[in-house]
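This briefing sets out the fold, the strand pairing and selected local features of one protein chain. Please read it alongside the sequence and the coordinates.

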Amino acid sequence: MTSTIPARITQQLPFAISQLPLLRQLFNSVQQRGHWRGGVRLRGHKQLSNHTPIRSLPLAGQELAIPLSHGRSSAQPCVQVGQRVCKGEVIGDGPAGTVWAHASTSGVVTAIKECCPADGDQRQAAVYIAADGLDEWAPACRPTTVLTPASLAAFAMQMGLVGLGGAGFPTGLKLQGASPDTLLINGAECEPFLTCDDRLMRERAGEIVAAAALLASVFAIGRVRIGIEPNKPQAIAALWQAAVGSDCHIEVLTLPLRYPAGGQPLLIKSLTGRTLAPGKLPAEVGVMVLNVATVYALGRAVLHGRPLVSRIVTISGAVAQPGNVEAPIGLPVASVLAAAQAQGDGSVHIGGPMMGRKLADARAVISKTTSGLLVQAEAFLPAAQASRPCIRCNRCVDACPMSLRPLHLLAACQQQDRPALQQEQLGACIECGACSHVCPSKLPLRDSFRQAKRTIWLGVRS
Ligand code: SF4
Ligand code: SF4
């Protein structure tokens, strides 16, 4: 009696064999390298915006206001009112250590005056450009010398690169003087509603992997790991595919599906097992940490000669056309909302509901750190409630991923007790808001810690 292999199996065998490298990657990815306690499971609301490709927006007739400052770096305008500029042309520069600014579309400079970046709390000097609708690029600007860590850091400043994961720290400063043994790429997007990094990883995985390989080569880094939560299977698959085809050994590892998995000390713990002590920099434990969108932007700059002139922004909530758009820096938030057909009374939340903030000024513009616009957030989130006294349930302690005691921190904040704040390690708080989220008494824990850091450490008055 002869046995026959069903045709269905023989037909699929070549495909199965072709997937073996992916299976090896999958095997590698199963284990995280380290564990952390605490955090919270949040309802993601990702399906509202993650199912359509990244869109572009029409720019004809728009006036863009491109901010010249990033943190402590302030570029000086190097264009004049009435001058025509092309997309990518330098409009603000300065000495070493300055993040340069670039035109995010072609058009004519109409003014140099203050603007309000969407997620900043201060007005900033900006170059205003009336878009001509042509979106005409200036000639590409690639590095002119062999790349070294120092020359790449300087080039990153000149190409306007800042961290796109939220903080907006100048990328060139992060690269300066670094000699890590491990590059960690943060693909976690643990904030509810936000899907900009998810779509970027799904659609542009090849470019991300090419940029990671470039960084590994310039810094002679032997270990590259990309961390993503398992609720992004298409992004994981796209990065696996791209990593398998790369000369550089890149591991794609899964992170815990808990907020805030992308917090820097937690990401380092998950992907390397190393502990980042409060107040220490990642370089001190031998790692370089970059957000996935920052790595993509670095690749665009070095490999294609394109400065950072746009970013992916999620539009979610009460809008007729939710999704992700490639928004030029400086585009009015109102224009993005109009394109997505926003509904409601104009209430907009910038970023995710955990770390973001309410839009303070309706004239605000998209900045390099604007990750998302959440329209009518109140309709999707639990209603705000008045605070009640602490019942000492310890839920905040269990939720804190940094092993702090938020109820004791709050007491120290209220009494402005500096020694107690130091003893309770206020400086270790990553302001994730997990404690506030779980507190049954609705105490303003995270907001108090944020304010205490500003008033006590930085001397800023509220
Ligand atoms: S969760 Fe809120 S009520 Fe419970 S101990 Fe912490 S601060 Fe007090
Ligand atoms: S906001 Fe600070 S204290 Fe609260 S859970 Fe996060 S790290 Fe802990």
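**Backbone and fold briefing**

Asn394 is placed in the loop between strand 19 and helix 11 (395-399). The model is a predicted one. In this model Asn394 has a positive phi of about 70°, although the residue is not a glycine. The chain to which Asn394 belongs contains 15 helices and 19 strands. Its radius of gyration is 23 Å, close to the 23 Å that the globule rule gives for 462 residues, so the chain is as compact as a globular protein of that length.

**Overall dimensions and surface**

- Along its principal axes, the C-alpha trace spans about 85 × 65 × 45 Å.
- Of the 462 residues in the chain, 53% are buried.
- The exposed surface of the chain amounts to about 21,100 Å², and carbon and sulfur atoms supply 54% of it.
- Among contacts with a separation of 6 or more, 73% are between residues 24 or more positions apart.
- The chain carries 43 positive and 29 negative charges, and the mean positions of the two sets are 7 Å apart.

**Antiparallel sheet**

- Strands of a sheet pair through backbone hydrogen bonds, either parallel or antiparallel.
- One open sheet consists of 4 strands in the order 2-10-9-6, with antiparallel pairing.
- Strand 2 (63-67) and strand 6 (84-85) form the edges of this sheet, each pairing on one side only.
- Strand 2 and strand 10 (residues 124-131) run antiparallel and are joined by 5 bridges.
- Within this pairing, Glu63 has Ala130 of strand 10 as its bridge partner.

**Strand 11 and its parallel partners**

- Strand 11 (residues 182-186) is mostly covered, with 5 of its 5 residues buried.
- In a regular strand the side chains alternate between the two faces of the sheet.
- Both faces of strand 11 are covered: Thr182, Leu184 and Asn186 lie on one side, Leu183 and Ile185 lie on the other, and all are buried.
- Strand 11 runs parallel to strand 12 (residues 223-228), to which 5 bridges join it.
- Leu184 of strand 11 stands opposite Arg225 in strand 12.
- Strand 11 also runs parallel to strand 14 (residues 287-291), and 5 bridges join these two strands.
- The bridge partner of Asn186 in strand 14 is Asn291.

**Helix 5 and the surroundings of Ser371**

- In helix 5 (residues 196-203), 6 of the 8 residues are buried, so this helix is largely enclosed by the rest of the structure.
- The buried residues of helix 5 are Cys196, Asp197, Asp198, Arg199, Leu200 and Met201.
- Ser371 lies in the loop between strand 18 (357-358) and strand 19 (372-375).
- The relative accessible area of Ser371 is 15%, and it is therefore buried, since the cut-off for a buried residue is under 20%.
- Leaving out residues up to four places away in sequence, Ser371 touches Leu194, Cys196, Arg311, Ile312, Val313, Thr314 and Gly351.

**Arg357 in strand 18**

- Arg357 belongs to strand 18.
- With a relative accessible area of 34%, Arg357 is partly exposed.
- Apart from neighbours within four places in sequence, Arg357 is in contact with Asp119, Gly120, Asp121, Val348, His349 and Ile350.
- Arg357 and Ala452 are 95 residues apart along the chain, and their C-alpha atoms are separated by 18 Å.

**Backbone geometry in loops**

- The peptide bond from Tyr259 to Pro260 is cis, with omega near 0°.
- Pro260 is located in the loop between strand 13 (250-254) and helix 8 (264-272).
- Asn394, whose positive phi is noted above, counts as partly exposed at 37% relative accessibility.
- Ser403 has a phi near 60°, which is a positive value in a residue other than glycine.
- The loop that holds Ser403 lies between helix 11 and helix 12 (406-414).
- Ser403 has a relative accessible area of 46% and is partly exposed.

How values were computed:
Residues numbered from 1 in each chain as written. Chains lettered and ligands numbered in written order. Predicted model: local features only at pLDDT ≥ 70, side-chain atom pairs only at ≥ 80, totals over all residues. Heavy atoms only, no water. Rg over C-alpha atoms; globule rule 2.2 N^0.38 Å. Buried < 20%, exposed > 50% of the residue type's maximum accessible area, 1.4 Å probe, protein only. Contact = heavy atoms within 4.5 Å. Areas by Shrake-Rupley, 256 points an atom, 1.4 Å probe, with all protein chains shown as cover. Lys, Arg positive; Asp, Glu negative; His and termini not counted. Charge placed at Lys NZ, Arg CZ, Asp CG, Glu CD. Pairing = 2+ DSSP bridges.
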